[in-house]
Amino acid sequence: MHGGDEVVAALAGPPQPLDWKFSQVFGERTAGEEVQEVDIISAIEFDKTGDHLATGDRGGRVVLFERTDTKDHGVSRRDMERMDYLISRHPEFRYKTEFQSHEPEFDYLKSLEIEEKINKIRWCQTANSALFLLSTNDKTIKFWKVQEKKVKKISDMNLDPSKAVGNGSIASSSNSSSPKPCLANGSSLDGSYNNLSHDFSFPPGGLPSLHLPVVTSQETNLVARCRRVYGHAHDYHINSISNNSDGETFISADDLRINLWNLEISNQSFNIVDVKPANMEDLTEVITSAEFHPTHCNMLAYSSSKGSIRLIDLRQSALCDSHAKLFEEPEAPGSRSFFTEIIASISDIKFAKDGRYILSRDYMTLKLWDINMDSGPVATFQVHEYLRPKLCDLYENDSIFDKFECCLSGDGLRVATGSYSNLFRVFGCAPGSTEATTLEASKNPMRRQVQTPSRPSRPLSSITRVVRRGTETPGVDANGNSFDFTTKLLHLAWHPTENSIACAAANSLYMYYA
Amino acid sequence: MSTVEAPLYPIAVLIDELKNDDIQLRLNSIRRLSTIARALGEDRTRSELIPFLSENNDDDDEVLLAMAEELGVFVPYVGGVEHAHVLLTPLETLCTVEETCVRDKAVESLCKIGSQMRENDLIERFTPLVKRLAAGEWFTARVSACGLFHIAYPSAPETLKTELRSIYGQLCQDDMPMVRRSAASNLWKFAGTVESAHLKADIMQMFEDLTQDDQDTVRLLAVEGCAALGKLLEPQDCAARILPVIVNFSQDKSWRVRYMVANQLYELCEALGPEPIRTDLLPAYVRLLRDNEAEVRIAAAGKVTKFCQILSPELAIQHILPCVKELSLDSSQHVRAALASVVMGMAPVLGKDATIEQLLPIFLSLLKDEFPDVRLNIISKLDQVNQVIGIDLLSQSLLPAIVELAEDRHWRVRLAIIEYIPLLANQLGVGFFDDKLGGLCMQWLQDKVYSIRDAAAKNLKHLAEEFGPDWAMQHIIPQVLEIANDSHYLHRMTLLRAISLLGPVMGSEITCSKLLPVVVNASKDRVPNIKFNVAKVLQSLISVVDQSVVEKTIRPCLVELSEDPDVDVRYFAVQGLQSIDQVTMSS
């Protein structure tokens, strides 16, 4: 009987911890190879279907990858399912194309250099076979269309191409060199067109000697074109962009303001949040990240340097200076120190797919918030607790200001975030889950996982959903692996439908699956 | 490579450049598509050019846009209406591209062609196209489909009509908000072609679905079509079906929806009888005037006069006027500015007594508003009040407002008030103007900002036109000419500008006796900029004065300037001399 109970518990209980495996690496460094600053990845984003992945780097380039494991066998997918082939399948990507999204610029009015570094990439609605995405650096957002184009090989022209210079420039050259009689009476070629269409009467059957050029080659190549540039709307550095579920608008957020844009209109935006005080000396808090709700077109959340998340409702008013909801964790009494405010600053927020939960990352922890509960987070995961004694050093070398991103799995059962020494951590956030895995962005991700983290006693989580877990991986330091603050894993993204994570270690993109 | 006879050379270039690498040349060729079609003849246009264009669907958006536009007027080139259907194929492809403006243009062209097509072709060719687009895999095709139903529907047989209505209903519930938006914004067009029985059943059901959409942007567009839809219905149906929706929307939780209602409410009134206006729309409008979102109040305030015009004066005084009073003290300057720009129009509606008693205090308080735009908006509509109550009652408050604006520290505000000075002069009359505003007009001539000085000079010209040369001789010319002794060369430049503008208005005699000597004198200025401007002014005065004066005064002066050490002075002097010669030659 006893055993039977356990089985039932196991079935109803939290999902089993995932067993992560290495899948792919792009841009792997060979031993001793030096990383070029411009090659360091600064943004990662999966599209909504998970069939495409985009990365941006400090050199202003955007690289696109496409999924190969579904696409190639798309036709026979049903057969494969029948063959039970899918079980061993995991997302695999291949390089698709890349383009230079931003260039370094200089703002002459403010005497400021504008870096080309890509801060964020967001995918937009795909249409036909063309892909659309937004990319931004500190100041300028660009809307890109990536599309296959036929490579034109034109044959069977009416004229010898070497002679046909073009209908704009040909006029002068032919006037002087060639004895074309029709050009003699018109000084410009445009004039002679007009003569043709008005005076020259075409025979009713047309002119049989003319024919249309023939395009022979059907090869295609990918072309990225910048369709729109949304500029001059931010006085401070843009930290986030986010698409609205209406498919028509997006927001861009800088330190003090959030602007709302229409994708089709690049010359105007509406300011919806402005936290700039009348006197800049009164400034105590800046915006660090902002994101639209995944389904409610009127809701968006933004985080601040003081560790709070505000949910605002665009329906309420045109300028949303007053929030609809404020999520803040009350400060534990007596714990205040010089670093309290610095480490409370939220570096990234993400909505879960269903829009009910928000994940936030501050320097020490990951927090999961239920938007229906503003008294505190429903779960807190310690990521950097072991660094607490070292905060002074981290402050000295500025590492304390590193902005780590976070992500949620598509099913909302797990969360992940990066750390130092190219490590990243995955936590289970389903009720009762104790999953807390540390992985290294290398071909052997489990190398560092010398010890499973100590598990908190179960009853705790059954009393309340507020769990504190993954308190420490105590052995790491003692293990002789001193943390390397120069190799930090800031950017990572979870595949929208499968258990697959893409993360950036300097210039390399590592992909894992479970 | 074949050889082409010489006269066809430009046409051959055009055709070849349909595939040139340079987008500008491709665009050029596409814009000349009709010429190419005529050169090829109707048969080959149908059999070769149109299929060729249908293939050309991955070109740059600019080229596709031009192509979509050209094809809309291509019916004559393919052999007239009986062959119009061949144009559907390339346009169908263009209806599915990603760029919105290309799709919109393709839909527009399809509508143009469809409205010329024979009924049989519409049923056999056009309607299947609409159905294909509506079932398109990508949302782009479905978005385009929504704009074509009103062309396909009227000629369709009964069963097909039923099918089209049901397809449109599905589009209204599409997964993609873009498609639902397109369905919402095209609904009234489609509704206009649907028989009244189905209108009341099917179309109204779609309308109601759209008005309950989760996406604000869809609901917004549903509101936008309300008035047009309402006009298609009988007043009682409109009151029964549309009115409740609008009243609901006027209390929507999204301010943008309420904003749209505030903008549309007036239009809807036209579709409804007076009774529902009084019982339902008026309270809704009053709520909007008191909305807690400033943007909504701005929209509502901007319609206050139009709304009053359809109400009886009693209702306007009883319900709207109290709101207007509140709005004139609104905390948002933009609300007050919106009100100020229309509130003057209420005067004729309310009549003289109510205007003096109720509106005048509002005008006065708006005239003293701390925000310049509010004051400017009142001043710009002064003629409307003048018609009802006369200017006397206002003039006392008007003057301080004008003086304050005239000295505002923002030059754009000063510029705006200068532009209203001729209107004010006209309304206030010579006497008032001389006493109070004359000084200001002179003061602007010496403003720090060039645009103001320039506008001030133009203003003098308008005043001289308004009050006549005699008045100008007394009140403008002496003061203006005094500037000649100003120590600042920019002020002396303004003088020259003013003279060049006043000369033609004042006529030959005054110009010769008063203005010309000052100009000639200025030619001895030490600043080269003044000197070449003298040359320019002299050139402009050639046509004003007599030939003899030109020879006696202007020519010697220009000759002297043409030997000036400064190159620019010489340049303009020579130009002046040349135009004297031209005038002499022609006469």
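The sulfur of Cys503(A) lies 9.0 Å from the closest cysteine sulfur, that of Cys407(A), which is too far for a bond. With a relative accessibility of 0%, Cys503(A) counts as buried, a term that stands for under 20% relative accessible area, whereas exposed stands for over 50% and partly exposed for what is in between, with a 1.4 Å probe and protein chains only. In chain B, the sulfur of Cys172(B) has its closest cysteine sulfur in Cys146(B), at 7.1 Å, again too far for a bond, and Cys172(B) is buried with a relative accessible area of 3%. A search of the whole structure finds zero disulfides over all chains, where a disulfide is a pair of cysteine sulfur atoms within 2.5 Å.

This is a predicted model, in which local features need pLDDT of at least 70 and side-chain atom pairs count only at pLDDT 80 or more, while totals for chains, interfaces and linings use all residues. Residues are numbered from 1 along each chain as its sequence is written, chains are lettered from A and ligands numbered from 1 in the order in which they are written, and side-chain values use heavy atoms, with hydrogens and water left out.

**Strands of chain A**

Helices (H or I, at least four residues) and strands (E, at least two) are DSSP runs, numbered from the N terminus. Strand β9 (residues 131-136) of chain A pairs with β10(A) in the antiparallel sense over six bridges, and two strands are said to pair if DSSP finds at least two bridges between them. A hairpin of four residues joins β9(A) to β10(A). On its other pairing, β9(A) runs antiparallel to strand β8 (residues 120-123) of chain A, to which four bridges join it.

Six of the six residues of β9(A) are buried, so this strand is largely enclosed by the rest of the structure. Leu131(A), Leu133(A) and Ser135(A) point one way from β9(A), while Phe132(A), Leu134(A) and Thr136(A) point the other way, and all are buried. Strand β10 (residues 141-150) of chain A has eight of its 10 residues buried, so it too is largely enclosed by the rest of the structure. β10(A) also pairs with strand β13 (residues 220-230) of chain A, in the antiparallel sense and over 10 bridges.

A further group of chain A strands, β1-β33-β32-β31 in that order, forms an open sheet of four strands with antiparallel pairing. β1 (21-26) and β31 (492-494) of chain A stand at its edges with a single partner strand each, so one side of each is left without a neighbour in the sheet. From one strand to the next, the twist averages 20 degrees. Within this sheet, strand β32 (residues 500-505) and strand β33 (residues 508-513) of chain A pair in the antiparallel sense over six bridges.

Individual residue partners from these pairings are listed below.

| Residue | Opposite residue | Strand of the opposite residue |
|---|---|---|
| Arg122(A) | Leu134(A) | β9(A) |
| Thr136(A) | Ile141(A) | β10(A) |
| Trp144(A) | Cys226(A) | β13(A) |
| Ile501(A) | Tyr512(A) | β33(A) |

**Two loop serines of chain A**

Most residues other than glycine have a negative phi. Ser111(A), although not a glycine, has a positive phi of about 55 degrees, and lies in the loop between β6 (105-107) and β7 (112-114) of chain A. Ser421(A) likewise has a positive phi, near 55 degrees, and is found in the loop between β27 (414-418) and β28 (423-428) of chain A. Ser111(A) counts as exposed at 55% relative accessibility, whereas Ser421(A) is buried with a relative accessible area of 5%.

**Helices of chain B**

Helix α2 (residues 23-31) and helix α4 (residues 61-71) of chain B pack at an angle of about 5 degrees, with their axes 9 Å apart; axes are lines fitted to C-alpha atoms, for helices over the stretch in contact, and angles run from 0 to 180 degrees between N-to-C directions. α2(B) and α4(B) are therefore roughly parallel to each other, since angles under 35 degrees count as roughly parallel, over 145 as roughly antiparallel, 65 to 115 as roughly perpendicular and the rest as oblique. Ile23(B), Arg26(B), Leu27(B), Ile30(B) and Arg31(B) in α2(B) meet Glu62(B), Val63(B), Ala66(B), Met67(B) and Glu70(B) in α4(B), contact being heavy atoms within 4.5 Å.

In helix α17 (residues 294-301) of chain B, the residues Val296(B), Arg297(B), Ala299(B), Ala300(B) and Ala301(B) are buried. The buried residues of α17(B) pack against α15 (255-271), α16 (274-289), α18 (304-310), α19 (313-328) and α20 (333-343) of chain B.
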